[in-house]
Amino acid sequence: MASTYTSTFAPNDVTVTISQGGFSHIVSGFSEDSIVSVERNSDTFTLYTGADDTNTRIYQANTSGMVTLPLQQTSNSNDILSQLYLNDKASKDSSGLFTMTIKDNSGRTTFFAEEAFIARVPDASFGNTMQLREWQIQAVRLEANYGGNANFTPEDQASLEALGGTVEDKWLP
């Protein structure tokens with residue numbers, strides 16, 4: 001049976017937190033239409049098919065991903081990310097790496113990378129409307145949990161638990 005509970009997603013409850021040493025910053029000033037996008041750099045498995053239609057799947061250990069943060073040109077987070085980038089560029093060592101956590105606080109989706117760095121600074125433009133600065137952050141060994149935002153039906157809970165997962169009490173009706 002399909003889930004029949006109504007889901008709730010609150011875009012303003014998605015948080016992106018960047019930490020480095022004793023410093024921590026919650027990114028703010030996102031674009032109107034997009035808060036954050038996360039894209040894996042590699043498929044987990046790739047399929048190899050031989051000439052005789054024999055198939056092998058090849059496991060790719062690469063768990064890195066690219067995180068894109070589209071920020072309003074007026075966001076103070078641009079200053080924070082710029083300084084992180086400048087510090088990293090000047091040091092040219094691992095001291096510029098930072099930790100990144102992305103969480104849908106109205107649901108169960110989370111992403112975490114203990115090591116991340118600014119891979120590409122945004123292009124800049126100015127006009128008569130709000131312009132965006134799209135920061136591209138490389139997340140090394142990106143841990144991901146793709147979750148929903150609705151309470152679990154007893155059937156969905158049983159299915160998840162049969163697969164070895166658990167359901168927090170707050171997601172039970």
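This report describes helix H1, several paired strands, and selected side-chain and backbone features of a predicted model.

Residues are numbered from 1 along each chain as its sequence is written, and side-chain values use heavy atoms, with hydrogens and water left out. Because the model is predicted, local features need pLDDT of at least 70 and side-chain atom pairs count only at pLDDT 80 or more, while totals for chains, interfaces and linings use all residues.

**Helix H1**

Helices (H or I, at least four residues) and strands (E, at least two) are DSSP runs, numbered from the N terminus. Helix H1 covers residues 77-91, 15 residues in total. From its first C-alpha to its last, H1 reaches 21 Å, close to the 21 Å expected at 1.5 Å a residue; the expected span is 1.5 Å times one less than the number of residues.

Burial is stated here by relative accessible area: buried means under 20%, exposed over 50%, and partly exposed in between (1.4 Å probe, protein chains only). The buried residues of H1 are Ser 77, Asn 78, Leu 81, Leu 84 and Asp 88. Seen down the axis of H1, these buried residues fall within an arc of 130°, so they line one face of the helix. The arc is that of the directions from the helix axis to the C-beta atoms. An α-helix has 3.6 residues a turn, so residues three or four places apart point the same way. On the other side of H1, Asp 79 and Ala 90 are exposed.

The buried residues of H1 pack against strands E1 (14-20), E2 (23-26), E6 (65-72), E7 (98-104), E8 and E9 (132-140); contact means heavy atoms within 4.5 Å. Tyr 85 also belongs to H1, and it is partly exposed at 27% relative accessible area. Leaving aside residues up to four places away in sequence, Tyr 85 touches Ile 118 and Val 121. Tyr 85 and His 25 are 60 residues apart in sequence and 14 Å apart in space, C-alpha to C-alpha.

Ahead of the helix, Asn 76 is found in the loop between E6 and H1 and is exposed at 58%. Asn 76 and Ala 10 are 66 residues apart in sequence, with 22 Å between their C-alpha atoms.

**Strand pairing**

Two strands pair if DSSP finds at least two bridges between them. Strand E6 is mostly covered, with seven of its eight residues buried. E6 runs antiparallel to E3 and to E9, as the table shows.

| Strands | Sense | Bridges | A bridge partner pair |
|---|---|---|---|
| E3 (residues 37-40) and E6 | antiparallel | four | Val 38 and Val 67 |
| E6 and E9 | antiparallel | eight | Gly 65 and Ala 139 |
| E4 (residues 45-49) and E5 (residues 55-59) | antiparallel | five | Tyr 48 and Thr 56 |

E4 and E5 form a hairpin with five residues between them. In the turn of this hairpin, Asp 53 has a positive phi of about 65°. In a regular strand the side chains alternate between the two faces of the sheet.

**Aromatic rings and charges**

The structure holds two aromatic pairs. One of them joins Phe 111 and Tyr 146 edge-to-face, at 5.3 Å centre to centre and with 85° between the planes. Rings of Phe, Tyr and Trp (its six-membered ring) pair if their centres lie within 6.5 Å; planes under 30 degrees apart count as stacked, over 60 as edge-to-face and the rest as tilted. Phe 111 lies in strand E8 (residues 110-120) and Tyr 146 in the loop between strand E10 (143-145) and helix H2 (154-162), so the pair ties together parts that are 35 residues apart in sequence. Phe 111 is buried at 9% relative accessibility, whereas Tyr 146 is exposed at 58%.

Two arginines have a charged end over a ring, that is, CZ of Arg (or NZ of Lys) within 6 Å of the ring centre and within 35 degrees of the ring normal. Arg 108 is placed over the ring of Trp 171, 4.4 Å from its centre. Arg 133 is placed over the ring of Phe 126, 4.9 Å from its centre.

**Positive phi outside glycine**

Lys 92 has a positive phi of about 50° although it is not a glycine. Lys 92 comes just after H1, in the loop between H1 and E7, and is exposed at 74% relative accessibility. Arg 141, also not a glycine, has a positive phi of about 45°. Arg 141 is in the loop between E9 and E10 and counts as exposed at 53% relative accessibility.
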